[in-house]
Amino acid sequence: MKIVVAIKQVPERDAQVHIDAAGKWIEETDLQYALNESDAYALEEALQLKEQHGGEVIVVSAGPERVGTTLREALAKGADRAIQIDCDDLGARDALGVAKLLATAIQPEDPDLILTGLQSEDLGLGQTGVIVAELLGLPHATLILHVEKTETGLKLKRELEEGWFQTVELPTPAVLTIQSGGNKLRYATLMGIKRAKTKEVRCVTAAELGVDSVPVVVLERVTLPQKQKSTQILPGSPREAAAALVEKLKFEVHVL
Amino acid sequence: MSGILVVFEQREGHISRIGWEALAAGQRLNMQLGLPVSAAVIGADTESLAAEIAARPLAKVLRVEHPLLAQYTADGFTLALQQLIESENPAYVIFPHTYQVRDYASALAARLGQVLIGDVVAIGDGPVFTRQLLQGRLNGTYRHTGNGPCFVSVQAGAFRQEEQHSTVTAAQIAVFTPAIDLAQIRTKPGEPFRGSAQTVDLSSAQLIVSVGRGIKEAENIPMVAELATALGAELAASRPICDAGWLPLERQVGSSGQTVSPKLYLAVGISGAIQHQVGMKGSQCVVAINKDPDAPIFEIADYGIVGDLFEVVPALTAAVKAARQ
């Protein structure tokens, strides 16, 4: 099975973020980046499918030069090769624009399966995989926790709301967006990291792909959320704060 | 191009609650733009659903009906709504941000050369649409600049449905029959099933102590469990804790877990990502213990303790026990 996994590099989960001077995005200097969590699960699913059925795993990512680090990390975990879509204006592109970049880069590979994470931790759009499927004319399924290969295609475990699940069957080639938690993630081994250095990373630019960047939806302004409630912060040492909270629970919330 | 189209969603033969919230968002746009609001309901038999919707102040209700729409498929719903939108030509299409909508609305928008503005929490003058970024740490304001319908989905709980007084005359109901061929539906969905026997009903719990990523290790869970026991509270968790298998899935609160509304929700080491907030923001009193003063959970907390949970939780357990004596 030839599998392409679209992955995204996002700010590290615990990173302190500050709005940039233009108020359009966040300050990116000194920010630490990591592989988006649900994309890590998509990669894991791809690697397991390859281990079961053979084939090839290709990772693809769009973004500035630093994205290369995340692609190398995926190669170290076991992906066979990588495609890096070099573009410095990822933030100026809307979901359709980014999906066009990915779809155009993936199409010549003619894969049996395209996987990506359910959503990114930075923009949280949750649209990329679905639009890639639409652009390539492929069937898709979202929120997938488990993938099983069948005679005719795939049998999937899809997550629904409030603790419900559903089995979905579809033919390949197809696009799946993977939910976190379906598998146990692997770590890169020392051998894997060493091998990754010799694996192919092919670079293409947005211009070479012939994809323009005229958006139909624009992120105009980034702001700090307004507090929905006026939070009373209980100060002091842990003991003092705990004692103050017990008072509140007793006399204000009436639960003690 | 004119009008606002609100797409309702049904669950087990009823209009799901968040559909009414999408309507509230549509009415919000109506106040700003003066455009008429219509509704669409999709399925194989939508007569009673349409009648329920038609009691609201709407220009019309469209029954998008076809035998192949009996069960949701992305292909079927995308085709049906594409045809409806091409026929009705609305300026705005509003969805509830459900798992179903997340599965097809962005493909539908892309097919029409547009981009869905998803998971919207507020609508401002312009109109501009606010959605959360970086797991709720920041807000982003979006504007639709394309020529064509503007697609929006609204987050659960973000728009309150107005109390309706039945003084309005029932809206006109029309049937729209899309052309769909069985061969166009490529996925085969199965019946929904429960993951595990649901023995914990968090939705009726009065007191909940919930634990998140900040707990770091499975071995640290008993420390929070002890606090829950001291309070007489149910123990719950955010998704990563259940994903890691540290607590069973049935104790998960959030969009993929249970929705709770206790008197007290005590969040320990939970940053409060959107998906978690959706499941607990109906709580009467939210208390958050977190080392990060900028954690989104503090935006919705009534009381907060900024500090190391490994020091605060044992101190709190001791103080609760002392108060109980």
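The following paragraphs describe how strands and helices of chains A and B are arranged in a predicted model.

Residues are numbered from 1 along each chain as its sequence is written, while chains are lettered from A and ligands numbered from 1 in the order in which they are written. Because the model is predicted, local features need pLDDT of at least 70 and side-chain atom pairs count only at pLDDT 80 or more, whereas totals for chains, interfaces and linings use all residues. Helices (H or I, at least four residues) and strands (E, at least two) are DSSP runs, numbered from the N terminus.

A good place to start is strand 1 of chain A, residues 2-6, where 4 of the 5 residues are buried (20 or more other C-beta atoms within 10 Å of the residue's own, with C-beta atoms placed from the backbone; 12 or fewer would make a residue exposed, and counts in between partly exposed). Two strands are taken to pair if DSSP finds at least two bridges between them. Strand 1 of chain A runs parallel to strand 4 of chain A (residues 56-63), with 5 bridges joining them, and here Lys2(A) has Glu56(A) as its bridge partner. Strand 1 of chain A is also joined by 4 bridges to strand 6 of chain A (residues 113-117), again in parallel, and Val5(A) stands opposite Leu115(A) of strand 6.

Next comes the meeting of the two chains. Their contact takes 68 residues from chain A and 71 from chain B, two residues being in contact if their C-beta atoms, placed from the backbone, lie within 7 Å. On the chain B side there are 32 nonpolar, 24 polar and 15 charged residues (Ala, Val, Leu, Ile, Met, Phe, Trp, Tyr, Cys and Pro count as nonpolar, Asp, Glu, Lys and Arg as charged, and the others, Gly among them, as polar). Strand 9 of chain A (residues 164-171) and strand 12 of chain B (residues 188-189) run antiparallel and are joined by 2 bridges; Glu169(A) is partnered there with Lys188(B).

Helices meet across the chains too. The axes of helix 4 of chain A (residues 128-136) and helix 4 of chain B (residues 99-111) come within 8 Å and cross at roughly 45 degrees, the axes being lines fitted to C-alpha atoms, for helices over the stretch in contact, with angles from 0 to 180 degrees between N-to-C directions. The two helices are therefore oblique to each other (under 35 degrees counts as roughly parallel, over 145 as roughly antiparallel, 65 to 115 as roughly perpendicular and the rest as oblique). Residues making this contact include Val130(A) and Ile131(A) on one helix and Ser106(B) and Ala107(B) on the other. By class, the contact residues divide into 6 nonpolar, 1 polar and 2 charged.

An open sheet also draws on both chains: 6 strands follow the order 13(A)-18(B)-17(B)-16(B)-14(B)-15(B), with parallel pairing. Strand 13 of chain A (232-233) and strand 15 of chain B (234-237) stand at the edges, each with a single partner strand, so one side of each has no neighbour in the sheet. Strand 13 of chain A is joined to strand 18 of chain B (residues 303-306) by 2 bridges, and Ile233(A) stands opposite Gly304(B). Helix 7 of chain A (residues 238-251) lies across strands 16, 17 and 18 of chain B, running at about 170 degrees to strand 18. Helix 5 of chain B packs on the sheet as well, touching strands 14, 15 and 16 of chain B.
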